[in-house]
Amino acid sequence: MEKRKKKSTHKKNLVIVESPSKAKTIGKFLGSSYKVVASVGHIRDLPKSRMGIDIENDFEPQYINIRGKGDIIKELKKEAKNAKNIFLATDPDREGEAISWHIAHILDIDLDSLCRVEFYEITKDAVKKAIKNPRKLDLTRVDAQQARRVLDRIVGYSISPILWKKVKPYLSAGRVQSAALKMICDREDEINSFVSEEYWTIDAILQSQNVAKGKTSKENINATLIKKSNKKIEIKDENEAANIIEELKEGSFVVVDKKEKNRKKNPLPPYTTSTLQQDSSNKLGFASRKTMQIAQQLYEGINIKGHGTVGIISYIRTDSVRLSNEAREAAKGYITSNFGAQYYKGTVYGNKKKQAQDAHEAIRPSNVELSPINIKDSLTSDQFKLYNLIWNRFLASQMESAEYKGLVIDVKNNKYLFRANGQKLLFDGFLKIYSYDDEKDNVLPEVSVDDELMSKSFEPKQHFTKPAARYTEASLVKALEEENIGRPSTYAPIVATLMDRRYIKKDKKSLIPTVLGFTVTKLLEEYFTEIVDVKFTADIEDKIDEVGVSIADWKDIIRNFYFSFEAHIEKANNEIEAIKQEDVVTDIDCELCGKKMVIKSGRYGEFLACQGYPECQNTKPIVHEIGIKCPKCGNELLEKKSRRGKIFYGCSNYPECDNSYWDRPIEKKCPECGELLTEKNTKKGRMLKCLNKDCSYKEKMEE
């Protein structure tokens, strides 16, 4: 009789991470004695259907298992039961610490056990080193996350219902969200109240006469008028500018001062979450949410030819600019080998920001030897662009400063003083890999003090003072960071939430508050001043940070906040009158009853509804014709929105005709192939580009 094979009783070590892709990458590093599974994010949270905070019981959170996570929890319990050791390897931040704490609760893991491992890059060495050095769960980090979660839940679940009753359904308020909205509304008010003033500048195009080897060479010096009688000059109108030019024509230009001074331009520190989002928006045109999605992919693991699946950047949620000694040594080796020892500086960056999580590093490549160009074939186009940005910034941060020879020439014409600035690059330093458009050479001709210069022409220019620019996603993130509002993990969702609630809209890159956004902000300003107050929100962030380093108790923060907040809630409920939202009547007839259609707002945005409701319940989506016929079928092209809210242009005859474009087509034919042209925003400005993929025709649009 054949003997039955015994089942293996060898127990494996269980490693729990958040994402399946991360689990897959780490599993390859650890080998057969480890089982790596994913919790797929949080498995416990506050309930969605109610506040879930027991206010009477000292603000105790009422966590529940998240709906839909039953199978995952069951699988985790099964694996944990048979595991030799359990390691909680969630992300190395407060959110990750809280996820591990919740997993420990569900799996009944002793909080004093050495179960927590963390690593800041997903490479074989980093993961194995972390597994060998487990620690206890950091309950102060957990408390800091709970403080933010509970505070945000109390604010959101207390104010949002008031907005539903008094303004309209499906609105929301939030501690960070509402402060950000007020900043956008305040900027718009500032722009609307701004009174522009006219002013003029005068440039003189001068020529030096240098005699060398019997030849006279004439070179232009562009000098700007800066002073009159040793005082800063302000020219208010064209007549004043013209009178000054007449005076200048009667006088002569003499060099009165010449200063040569070398200056250095230092590289910027490596990226934090905030600065990465800002640069990605400005240089690549990526929204913050898109930047974080791509960065997450680069962090969790990319299949690199010859290297397998490996995380190619360090952890992406950080407010630290610190670099490890190992990372700095790797940069030194790469720089000296590829550019020369003179290009290496090795700057050590410190965190100026109070309470920066210094255990974290800045965002950097995991392996600097994986240069973007060498692994381009393993990356998508967007992954390559973002990785290239991160790799260059990291390497540049460790390179020598660029050095310039600067020259300032002061030229006087009677009581008028002009100044010309020039520079020449002496050593490119970090600019070898990280360039700036505004750092061009401007070499001035050789002149000496007392030299007389000839005036070739004058260029008076009219200007008008301008208000502060509207916020873009990049400048809003920068402002939020400067004001200490929110944290790296909260920057990306803010604009998306404000857009989803129809509080703001985007015009190209500018963020513009809607009427609804102003209405909500005005109401919150009147009844919940602290919630939209920048200083108050920043103070709360500081207090939460103090919890994370054991300086403050998290429930003290909630108690101190709640008892004054409760009075505001009661007052708002009693005093706020319902704000009637008037329907906008269109000139579109209802095809069922003949009455006019009106614009309504719902959970998923605006739509058309019959004015005869409830007798007639006809509704339809709002469409915007762009006045262009579909090249495929001849029907109208419409401006539409994708599920993610991105505008595109598609045929009105969909689904019979599925023709669509991301860029807006215009009524102009390509001179080379006859196809329609589209408008496209690029780094070089607005361009017209041919729709035909096989045609490379482009032309710059006039601004």
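Modeller: Quick definition before we start: two strands count as paired if DSSP finds at least two bridges between them. Also, keep in mind that this model is predicted.

Biologist: Okay, so which residue in E25 does Lys640 stand opposite?

Modeller: Let's start with the strands themselves. E24 covers residues 636-641, and E25 covers residues 647-651. The two run antiparallel, joined by five bridges, so they pass the at-least-two cut-off for pairing. Across from Lys640 in E25 stands Phe648.

Biologist: And on the E23 side, what is the bridge partner of His624 in E24?

Modeller: E23 spans residues 624-629 and runs antiparallel to E24. Three bridges join these strands, so they count as a pair too, given the cut-off of two. In E24, His624 is partnered with Glu639.

Biologist: Which residue in the turn between E23 and E24 has a positive phi?

Modeller: E23 and E24 make a hairpin, and six residues sit between them. The one in that turn with a positive phi, about 90 degrees, is Gly634.

Biologist: Switching to cavities: which elements give two or more residues to the lining of the largest cavity?

Modeller: The count gives one cavity of 30 Å³ or more, and the largest holds about 30 Å³ of space. Its lining is His42, Arg44, Asp45, Tyr63, His102, Gln145 and Arg149. The elements giving two or more of the lining residues are strand E3 (44-45) and helix H5 (139-166).

Biologist: How many residues of that lining are charged?

Modeller: Sort the lining residues by type. One is nonpolar and three are polar. The number of charged ones is three.

Definitions and conventions: Residues are numbered from 1 along each chain as its sequence is written. This is a predicted model: local features need pLDDT of at least 70, side-chain atom pairs count only at pLDDT 80 or more; totals for chains, interfaces and linings use all residues. Side-chain values use heavy atoms; hydrogens and water are left out. On a 1 Å grid over the protein atoms alone, a cavity is a set of points where a 1.4 Å probe fits but cannot get out, and a pocket is an open set with protein on both sides within 12 Å along at least five of seven lines; lining residues have an atom within 4 Å of a point. Grid points are joined across faces, edges and corners, and a volume is the space filled by probe spheres set on the points. Helices (H or I, at least four residues) and strands (E, at least two) are DSSP runs, numbered from the N terminus. Ala, Val, Leu, Ile, Met, Phe, Trp, Tyr, Cys and Pro count as nonpolar, Asp, Glu, Lys and Arg as charged, and the others, Gly among them, as polar.
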